[in-house]
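Student: I am new to this structure and would like a close look at a single part of it. Could you take me through one helix and its surroundings with care?

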Amino acid sequence: MTNFRLGKYRESDSMSKLLCEKYFTLLVLSRFGIALGFGNKSIGEVCRDTGVDTNTFLTIINLLMDKNLEIKYSETSCSLESLTNYLHNSHTYFLNYRLPEIRTKLVEALDPAQKELNKAVLHYFDEYVLQVHKHMKYEEKNVFPYVRSLLQGEKKDNYNIGIFSKQHDQIEVKLTEFKHILIKYYPAKSTNEINSVLFDIFNCEKDLASHNAIEDRLFVPAILDLENKIGKKP
Amino acid sequence: MNGSVKIAIIEPSLLIRSGLITILHRLNMIQTDVFEVAEVEQLKSVFGRRNPDILVINPSVLGLISLQQIKKMSGNSDLKCIALQNSLFDNAILKAYDDVISIYDSAEQIGEKLTRTIIEPESNKRHESLTLREKEIIICVIKGMTNKQIAEKLYLSTHTIISHRRNIAAKLQIHSTAGLTIYAIVNKMVELDEIKDLPNSNGE
């Protein structure tokens, strides 16, 4: 019964086992810049080898595994710096890889006989991508620099994280609508290509939702915590 | 209906809680988002964060709190409460609930009770086809007209247009103009050159 494991993943668990049990962690790994080929090393060892904060890694894995998990940021000893890097890399992944790839596949999957309709479909998708760009750019331009200055002990008067969380919208909602439109209204033939792009959209939708969950449940509380600490200093 | 139905299970026994969750998954009949609550004290944070539609609750965990207080705490006047009965309770207590699930119920019975609770308020709203007026409005919307312009053209009030648009969104589950455009083209309601919002030389 040595393979038996209950509850959350720990530092001493094997990294390759984690990957095989929960394949979505592949995405987390690449966002932390961890390369494959780590043999039998434990999660802790692999993280230390690649200079990744183990606590942050584990907290994200466990949060993604169990969306009901109650997390108190103060008890996780996550590194805000690591978290910010992680989120930044996620943005790069969505904007430079995932969404363009879906578009390419979409173009291949559309029925060439439906020229006019395809134009409208692509237009919808492009508009959506633009929205995601805007959403993430805001974080890159305003939130991340703010966090970096906080980490250096500076508190700017003209910004606080409350401004961000108030306007933080769920960017996956419009992708869900797009998926519904394709499924319900697009007169596609049942092809492997259309299935493949739909699978990708389903995955991407889920991935975006968990990306947002990490921001709302881990990132924002972490910043609030730091704001309070700095605010208390004379 | 907006996405999934959120069900919170408030029951101290992990075994019973997990059993119910397994049954709900097995039923697979409604889009559900289930979460567990072991103690009443946790309810407050659940209300704030998850905003459940249905509570399945063991009446004995409430103690001195009344069902009314719970409903008030939730801030959701449409909140449904179903009693999870695992022992004998006074009928007067059970009457206060919208329904009662017994731990000896079969999966079908549980499914039926849940569906009954959820469906009642908005039974026959779905699958309605669009009215002529609604189609007219869709065409205006995708031509890029504002609500006010549409109102003037059709001799209606802006208010009426807004409520038509709300109905359209509910029937088609499409909220954006770009989405309506796709719908209109599929259903041959417009010619492409009538649509304002489309770039013309973006063919691929």
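Tutor: Among the elements of chain A, helix H5 (residues 73-76) of chain A has the lowest mean pLDDT, 68, and helix H6 (residues 80-109) of chain A the highest, 94, where pLDDT is the predictor's confidence in each residue, from 0 to 100, and helices are DSSP runs of H or I with at least four residues, numbered from the N terminus. This is a predicted model, in which local features need pLDDT of at least 70 and side-chain atom pairs count only at pLDDT 80 or more, while totals for chains, interfaces and linings use all residues. Residues are numbered from 1 along each chain as its sequence is written, and chains are lettered from A in the order in which they are written.

The part to look at is helix H9 (residues 177-186) of chain B, which is mostly covered, with seven of its ten residues buried; a residue is buried if 20 or more other C-beta atoms, placed from the backbone, lie within 10 Å of its own. The buried residues of H9(B) are B:Ala178, B:Gly179, B:Leu180, B:Thr181, B:Ile182, B:Ala184 and B:Ile185. Their cover includes helix H6 (132-142) of chain B, together with helix H7 (115-151) and helix H9 (173-185) of chain A. Just after H9(B), B:Lys188 takes a positive phi of about 50°.

Turning to the contact between the chains, 18 residues come from chain A and 18 residues from chain B, two residues being in contact if their C-beta atoms, placed from the backbone, lie within 7 Å. On the side of chain A that touches chain B, H7 and H9 of chain A each supply at least two residues, and H7(A) gives the most, with nine residues.

Technical notes
A residue is buried if 20 or more other C-beta atoms lie within 10 Å of its own, exposed if 12 or fewer, and partly exposed in between; C-beta atoms are placed from the backbone.
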